[in-house]
Amino acid sequence: MMGRVAPSVGVTISVVLLALLVSPVPGDAQAGPQVVITVVFAGPIRPSGGSYYIPFTVDESILRGPQPDSTNWTHYVLLRGGRFFFGRVPSVPYRPFGFEAIRPPEPFFFGELLPDGRTIRARVPLGSLQTDTVPPSRVKVNVVTVDDNQHPLDALGPGARDIFGFVTLEVPRDTFVTFTDPVGDAPLPSFDIVSGDIRLAVP
(Lines give C-alpha, C1' and ligand atoms only; values in the text may rest on other atoms or scores of the structure.)
Protein backbone atom coordinates (compact mmCIF):
# COMPACT_ATOMS: atom_id res chain seq x y z
CA MET A 1 0.00 0.00 0.00
CA MET A 2 1.49 3.30 -1.05
CA GLY A 3 1.63 6.14 1.45
CA ARG A 4 -0.04 9.47 0.73
CA VAL A 5 2.27 12.17 -0.46
CA ALA A 6 1.81 15.49 1.33
CA PRO A 7 1.55 18.54 -0.94
CA SER A 8 4.75 20.54 -1.27
CA VAL A 9 4.56 23.68 0.84
CA GLY A 10 7.43 25.16 -1.14
CA VAL A 11 5.58 24.75 -4.44
CA THR A 12 2.41 26.30 -2.98
CA ILE A 13 4.30 29.35 -1.70
CA SER A 14 6.05 29.76 -5.05
CA VAL A 15 2.75 29.73 -6.91
CA VAL A 16 1.25 32.32 -4.56
CA LEU A 17 4.28 34.58 -4.91
CA LEU A 18 4.18 34.26 -8.69
CA ALA A 19 0.48 35.21 -8.69
CA LEU A 20 1.23 38.28 -6.60
CA LEU A 21 4.05 39.31 -8.91
CA VAL A 22 1.99 39.09 -12.09
CA SER A 23 -1.23 40.55 -10.65
CA PRO A 24 -1.89 44.06 -12.01
CA VAL A 25 -1.37 46.72 -9.36
CA PRO A 26 -2.21 50.39 -10.03
CA GLY A 27 1.12 51.50 -8.55
CA ASP A 28 3.09 49.46 -11.10
CA ALA A 29 4.07 50.54 -14.59
CA GLN A 30 0.94 50.60 -16.69
CA ALA A 31 0.62 48.24 -19.63
CA GLY A 32 -2.22 47.18 -21.90
CA PRO A 33 -5.53 49.00 -22.43
CA GLN A 34 -6.38 51.78 -20.02
CA VAL A 35 -9.61 53.52 -19.07
CA VAL A 36 -8.78 57.24 -19.02
CA ILE A 37 -11.29 59.41 -17.16
CA THR A 38 -11.21 63.22 -17.32
CA VAL A 39 -13.57 65.23 -15.11
CA VAL A 40 -14.12 69.01 -15.09
CA PHE A 41 -15.55 70.84 -12.07
CA ALA A 42 -17.15 74.27 -11.85
CA GLY A 43 -14.51 75.56 -9.43
CA PRO A 44 -10.92 74.82 -8.42
CA ILE A 45 -10.25 71.45 -6.79
CA ARG A 46 -10.03 71.83 -3.01
CA PRO A 47 -7.51 69.93 -0.87
CA SER A 48 -9.89 70.04 2.10
CA GLY A 49 -13.61 70.12 2.82
CA GLY A 50 -14.43 66.95 0.89
CA SER A 51 -13.25 64.20 -1.44
CA TYR A 52 -13.53 63.26 -5.12
CA TYR A 53 -14.37 59.70 -6.17
CA ILE A 54 -14.39 57.96 -9.55
CA PRO A 55 -16.15 54.66 -8.81
CA PHE A 56 -16.38 51.65 -11.12
CA THR A 57 -18.70 48.65 -11.43
CA VAL A 58 -17.32 45.71 -13.42
CA ASP A 59 -19.30 42.84 -11.90
CA GLU A 60 -21.68 41.56 -14.62
CA SER A 61 -24.10 40.27 -11.99
CA ILE A 62 -24.83 43.85 -10.91
CA LEU A 63 -27.43 45.42 -13.20
CA ARG A 64 -26.96 49.03 -12.14
CA GLY A 65 -23.79 51.05 -12.08
CA PRO A 66 -21.95 52.65 -9.15
CA GLN A 67 -24.39 54.64 -7.01
CA PRO A 68 -23.67 57.94 -5.21
CA ASP A 69 -23.99 56.23 -1.78
CA SER A 70 -21.20 53.73 -2.70
CA THR A 71 -23.61 50.90 -3.54
CA ASN A 72 -22.43 48.57 -6.35
CA TRP A 73 -18.85 49.87 -6.37
CA THR A 74 -16.18 47.29 -7.20
CA HIS A 75 -13.21 49.71 -7.51
CA TYR A 76 -12.61 53.42 -7.16
CA VAL A 77 -10.09 56.20 -7.63
CA LEU A 78 -10.07 58.69 -4.76
CA LEU A 79 -8.64 62.21 -4.60
CA ARG A 80 -8.41 63.36 -0.99
CA GLY A 81 -6.14 65.95 0.60
CA GLY A 82 -4.38 66.55 -2.71
CA ARG A 83 -3.39 62.86 -3.10
CA PHE A 84 -4.78 60.10 -5.33
CA PHE A 85 -5.60 56.60 -4.11
CA PHE A 86 -7.00 53.39 -5.64
CA GLY A 87 -9.36 51.08 -3.77
CA ARG A 88 -10.97 47.71 -4.30
CA VAL A 89 -14.28 46.90 -2.69
CA PRO A 90 -14.71 43.37 -1.31
CA SER A 91 -17.20 41.20 -3.14
CA VAL A 92 -20.64 40.34 -1.78
CA PRO A 93 -21.86 39.96 0.95
CA TYR A 94 -19.80 43.01 1.99
CA ARG A 95 -21.37 45.44 -0.49
CA PRO A 96 -22.43 48.17 -0.04
CA PHE A 97 -19.37 49.29 1.87
CA GLY A 98 -20.60 52.74 2.87
CA PHE A 99 -17.32 54.49 2.01
CA GLU A 100 -15.61 52.47 4.74
CA ALA A 101 -13.07 50.33 2.93
CA ILE A 102 -12.19 47.11 4.70
CA ARG A 103 -8.68 47.44 3.31
CA PRO A 104 -7.41 51.03 3.05
CA PRO A 105 -6.97 52.29 -0.52
CA GLU A 106 -3.41 52.24 -1.83
CA PRO A 107 -1.49 55.17 -3.35
CA PHE A 108 -2.33 55.73 -6.99
CA PHE A 109 0.37 57.27 -9.20
CA PHE A 110 -1.64 57.77 -12.37
CA GLY A 111 -4.00 60.53 -11.28
CA GLU A 112 -3.29 64.18 -12.00
CA LEU A 113 -4.69 67.63 -11.49
CA LEU A 114 -4.50 69.51 -14.80
CA PRO A 115 -3.06 73.05 -15.05
CA ASP A 116 -6.46 74.78 -15.01
CA GLY A 117 -6.86 73.65 -11.40
CA ARG A 118 -10.40 72.33 -11.86
CA THR A 119 -9.86 69.23 -14.00
CA ILE A 120 -8.67 65.82 -12.85
CA ARG A 121 -7.58 62.85 -14.95
CA ALA A 122 -7.00 59.23 -13.98
CA ARG A 123 -5.54 56.39 -16.06
CA VAL A 124 -6.66 52.97 -14.81
CA PRO A 125 -5.46 49.76 -16.53
CA LEU A 126 -8.27 47.37 -17.42
CA GLY A 127 -6.21 44.69 -15.75
CA SER A 128 -6.46 46.54 -12.43
CA LEU A 129 -10.26 46.48 -12.69
CA GLN A 130 -10.71 42.78 -13.35
CA THR A 131 -12.35 40.60 -10.75
CA ASP A 132 -12.12 37.44 -12.85
CA THR A 133 -9.38 35.81 -14.91
CA VAL A 134 -9.90 38.23 -17.80
CA PRO A 135 -10.28 42.04 -17.95
CA PRO A 136 -13.87 43.34 -17.94
CA SER A 137 -15.81 43.81 -21.18
CA ARG A 138 -18.14 46.42 -19.66
CA VAL A 139 -17.07 49.19 -17.28
CA LYS A 140 -19.66 51.39 -15.57
CA VAL A 141 -18.29 54.70 -14.29
CA ASN A 142 -19.63 57.44 -12.06
CA VAL A 143 -18.15 60.57 -10.48
CA VAL A 144 -19.09 61.36 -6.89
CA THR A 145 -18.05 64.22 -4.62
CA VAL A 146 -18.60 64.05 -0.87
CA ASP A 147 -18.11 66.31 2.14
CA ASP A 148 -15.87 65.49 5.09
CA ASN A 149 -18.65 63.32 6.54
CA GLN A 150 -18.90 61.30 3.30
CA HIS A 151 -22.31 62.75 2.44
CA PRO A 152 -22.67 63.01 -1.38
CA LEU A 153 -22.50 66.55 -2.75
CA ASP A 154 -22.80 65.74 -6.45
CA ALA A 155 -22.77 62.79 -8.85
CA LEU A 156 -23.40 62.27 -12.54
CA GLY A 157 -27.01 63.17 -13.32
CA PRO A 158 -29.17 65.83 -11.67
CA GLY A 159 -28.06 66.23 -8.08
CA ALA A 160 -26.24 63.99 -5.65
CA ARG A 161 -28.75 61.13 -5.56
CA ASP A 162 -29.39 60.22 -9.19
CA ILE A 163 -29.12 56.43 -9.40
CA PHE A 164 -29.04 56.37 -13.22
CA GLY A 165 -26.35 58.97 -13.90
CA PHE A 166 -23.47 56.54 -14.41
CA VAL A 167 -21.81 56.04 -17.81
CA THR A 168 -21.22 52.63 -19.42
CA LEU A 169 -18.14 51.88 -21.50
CA GLU A 170 -18.39 48.81 -23.72
CA VAL A 171 -14.93 47.35 -24.28
CA PRO A 172 -13.54 47.45 -26.93
CA ARG A 173 -16.44 48.95 -28.92
CA ASP A 174 -16.58 52.32 -27.13
CA THR A 175 -13.29 54.16 -27.41
CA PHE A 176 -14.52 57.64 -26.46
CA VAL A 177 -17.59 58.68 -24.46
CA THR A 178 -18.39 62.20 -23.26
CA PHE A 179 -20.71 63.32 -20.49
CA THR A 180 -22.14 66.56 -19.12
CA ASP A 181 -23.67 67.32 -15.75
CA PRO A 182 -26.04 70.12 -14.66
CA VAL A 183 -24.19 73.17 -13.37
CA GLY A 184 -25.21 74.47 -9.96
CA ASP A 185 -26.58 71.21 -8.52
CA ALA A 186 -23.90 71.05 -5.80
CA PRO A 187 -23.55 73.40 -2.83
CA LEU A 188 -19.99 74.45 -3.77
CA PRO A 189 -18.52 75.00 -7.27
CA SER A 190 -15.37 73.06 -6.35
CA PHE A 191 -17.47 69.90 -5.88
CA ASP A 192 -19.87 70.59 -8.75
CA ILE A 193 -19.28 68.21 -11.69
CA VAL A 194 -19.60 69.95 -15.06
CA SER A 195 -18.40 67.65 -17.82
CA GLY A 196 -15.82 65.10 -18.81
CA ASP A 197 -14.97 62.14 -20.98
CA ILE A 198 -13.99 58.50 -20.74
CA ARG A 199 -11.76 56.91 -23.35
CA LEU A 200 -10.08 53.62 -23.96
CA ALA A 201 -6.36 54.06 -24.65
CA VAL A 202 -3.25 51.95 -25.12
CA PRO A 203 0.02 53.48 -23.87
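Here is a walk through this predicted model, from the overall make-up down to a few side-chain pairs.

Let's start with the big picture. The protein has 203 residues, and 46% of them count as buried. Its secondary structure consists of 2 helices and 13 strands. If you look at contacts between residues at least 6 apart in sequence, 66% of them join residues at least 24 apart. On the outside, the accessible surface comes to about 10,700 Å², with 61% of that belonging to carbon and sulfur atoms.

Now for the rings. Searching the whole structure turns up 7 aromatic pairs. One of them brings together Phe 86 and Phe 108, which are stacked, with 6.0 Å from centre to centre and 25° between the planes. This pair links distant parts of the chain: Phe 86 sits in strand 4 (residues 83-88), while Phe 108 lies in the loop between strand 5 (106-107) and strand 6 (111-113), 22 residues apart. Are these two rings buried or exposed? Phe 86 has a relative accessibility of just 1%, so it counts as buried. Phe 108 comes in at 4%, so it is buried as well. Elsewhere, Phe 41, Tyr 52 and Phe 191 gather into one aromatic cluster.

Strand 4 is worth a second look, this time for charge. In general, side chains of opposite charge can pair when their charged atoms come close. The structure holds 4 salt bridges, and one of them is between Arg 88 and Glu 106, whose closest N and O atoms are 3.3 Å apart. Here too distant parts of the chain are linked, with Arg 88 in strand 4 and Glu 106 in strand 5, 18 residues apart. Arg 88 counts as partly exposed because its relative accessibility is 26%, whereas Phe 86, from that strand too, is buried at 1%.

Next, move to Glu 170, which forms a salt bridge with Arg 138; the closest N and O atoms are 2.9 Å apart. Glu 170 belongs to strand 11 (residues 167-170) and Arg 138 to strand 8 (residues 138-141), so 32 residues separate the partners and the pair links distant parts of the chain. Arg 138 has a relative accessible area of 28% and is therefore partly exposed. There's a further partner to find here: Glu 60 joins Arg 138 and Glu 170 in a network of salt bridges.

A little further along the chain, the side chains of Arg 173 and Asp 174 meet in a salt bridge, at 3.6 Å from N to O. How do the two ends compare, buried or exposed? Arg 173 is exposed, with a relative accessible area of 65%. Asp 174, at 18%, is buried, because the cut-off for that label is under 20%.

Finally, there's a hairpin to visit. Strand 9 (residues 144-147) and strand 10 (residues 152-155) run antiparallel and are joined by 3 bridges. Within this pairing, Val 146 stands opposite Pro 152 of strand 10. The hairpin leaves 4 residues between the strands, and Gln 150 in the turn has a positive phi of about 65°. What does the side chain of Gln 150 contact? It makes a polar contact with the side chain of Tyr 53, at 3.4 Å. And although Gln 150 is in the loop between strand 9 and strand 10, its relative accessibility is 18%, so Gln 150 counts as buried.

Conventions:
Residues numbered from 1 in each chain as written. Predicted model: local features only at pLDDT ≥ 70, side-chain atom pairs only at ≥ 80, totals over all residues. Heavy atoms only, no water. Phe/Tyr/Trp six-rings, centres within 6.5 Å; stacked < 30°, edge-to-face > 60°. Buried < 20%, exposed > 50% of the residue type's maximum accessible area, 1.4 Å probe, protein only. Pairing = 2+ DSSP bridges. Polar contact = N/O pair within 3.5 Å; in protein donor to acceptor, adjacent residues only side chain to side chain. Contact = heavy atoms within 4.5 Å. Areas by Shrake-Rupley, 256 points an atom, 1.4 Å probe, with all protein chains shown as cover.
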